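Q: Please take a close look at the ligand and its surroundings in this model. What lies around the ligand, and how much of it does the protein cover?

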Amino acid sequence: MVLTDDQRALQETARRFARERLLPAYQKREQAGVLDRELVVEMGRLGLLGIDLPEQYGGMGVDGVTTGIIAEELAYGDFNVSAVPVGCSLLGAIIMKNARPEIIEQWVPRMTSGHAVVGICVTEPRGGSDAANLQMRARRDGEHYVINGEKTSITFADSADAFLVFARTGKPEEGARGVTALFVPADTPGIQRNRFDDVGSRIIGRGSVFFDDVRVPVNHRLGDEGKGFTQVMVGFDYSRALIALQCVACAQASLDEAWAYAKEREAFGRPIGQFQGVSFPLVEGESQIAAIRQLSYHALALRDAGLPHTAEAAMVKWMGPKTAFDVIHQCLLTFGHYGWSKDLPHQQRMRDVMGLEIGDGTAGVMKLIVARERIGRAAVQYL
Ligand SMILES: Cc1cc2nc3c(=O)[nH]c(=O)nc-3n(C[C@H](O)[C@H](O)[C@H](O)COP(=O)(O)OP(=O)(O)OC[C@H]3O[C@@H](n4cnc5c(N)ncnc54)[C@H](O)[C@@H]3O)c2cc1C
């Protein structure tokens, strides 16, 4: 992909920040176990958050491809920190499109400056793949909605400043048609949250959010009542391509380190890079990662041109995390016994990318989406 001068300049800013500020403390950050909000504000100052949102609200109004370039660069330094700009782009766009002006004006500039992180609450304890079958209720009471129920597996559960919540306002048998989206500040009375002890992405703080008679004004509704799924829950093709680029970058970081090691580590009197048993698996990883990178940018370019990209985005969303996991594993093995130590980052990168084999839709659901794009309801009637 040939970059424009503007894209190259933004890439350079993100690259410098990722290599100098993020990469050296990637593992230390996991040990601290919390999202460093100062770092988020720093990204905001550098213009790296919501870069695709309008300038009026703190963005730069760039296209999806450029947003992908930034996500990729940041994830090279720290996969978890790069979840903040990706979430900001996805949820900022949803808010811009569906919220009342007072919500947009109050919250979007805070998101792009790094002073607010917003989470999205869809999944419930009974399951996430069948997302439209949710049970959380939002009852209308005059000029308010009153929300009751539990959301679970929520990214930034214990650190988000607000949540985009999908709750049922219609009858259960209405399925996706009876779901309404609400913007809920996290300090609204009646909200409690916790944090899971996760395998990876530990600074993200995934957990449950409990709603007990949580009252939100009607003007906090996004889109129309009952249209939460059809109007608001869009834009995920976009974030799927961005997520794939995060995974690509994480694998590329391990590949670059493994190549450098293969050049200097010796066995049997020569660099191990001379053994094709060492170099060929790395070449295979490079090839697979390069292919997924190109397909991810192709999906973003289609989006920027206003063309369908659902299948391409779902393809890279399942291939990205899985391939990155396998490639990083191979890199870990290249380091021999050192790779097995927590001193090196490969084990953390494997754990981190693995979460996105599930989060934002599992590989199984992504494959159903691709099949549906190809043969419609003959492939899947229930999605
Ligand atoms: C790191 C991470 C971050 C997350 N962040 C958020 C968040 O911010 N907000 C949020 O709302 N949720 C979030 N989730 C939840 C995530 O969206 C769900 O875990 C996901 O949609 C799957 O739902 P489930 O875990 O309930 O699995 P289930 O739906 O119970 O599925 C279990 C298994 O069955 C398979 N399966 C189910 N149906 C089918 C089918 N029709 N065909 C083939 N296979 C099928 C699935 O692929 C899966 O392997 C996150 C999850 C993770 C791991």
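A: In this predicted model, a backbone N or O atom of glycine 128 sits 2.7 Å from an oxygen atom of the ligand. The ligand has 970 Å² of accessible area on its own, and the protein covers 62% of that area. Strand E1 (118–121) and strand E3 (144–154) are the elements that give two or more residues to the shell around the ligand.

Further polar atoms of the protein can be placed beside the ligand. Threonine 123 has a polar side-chain atom 2.7 Å from a nitrogen atom of the ligand. At valine 122, a polar backbone atom is 2.8 Å from an oxygen atom of the ligand. Thus the contact of threonine 123 is made by its side chain, whereas valine 122 and glycine 128 each contribute a backbone atom.

The shell can also be described as a whole. There are 18 residues around the ligand, and those that come nearest are Thr123, Gly128, Ser129, Thr155 and Thr362. Divided by class, the shell holds nine polar, seven nonpolar and two charged residues. Threonine 123 and glycine 128 therefore appear twice in this account: they are among the nearest residues, and each has an atom 2.7 Å from a ligand atom, a nitrogen for threonine 123 and an oxygen for glycine 128.

Methods
Residues numbered from 1 in each chain as written. Predicted model: local features only at pLDDT ≥ 70, side-chain atom pairs only at ≥ 80, totals over all residues. Heavy atoms only, no water. Near = heavy atom within 4 Å. Polar contact = N/O pair within 3.5 Å; in protein donor to acceptor, adjacent residues only side chain to side chain. Areas by Shrake-Rupley, 256 points an atom, 1.4 Å probe, with all protein chains shown as cover. Helix = DSSP H or I, 4+ residues; strand = E, 2+ residues; numbered from the N terminus. Nonpolar A, V, L, I, M, F, W, Y, C, P; charged D, E, K, R; others polar.
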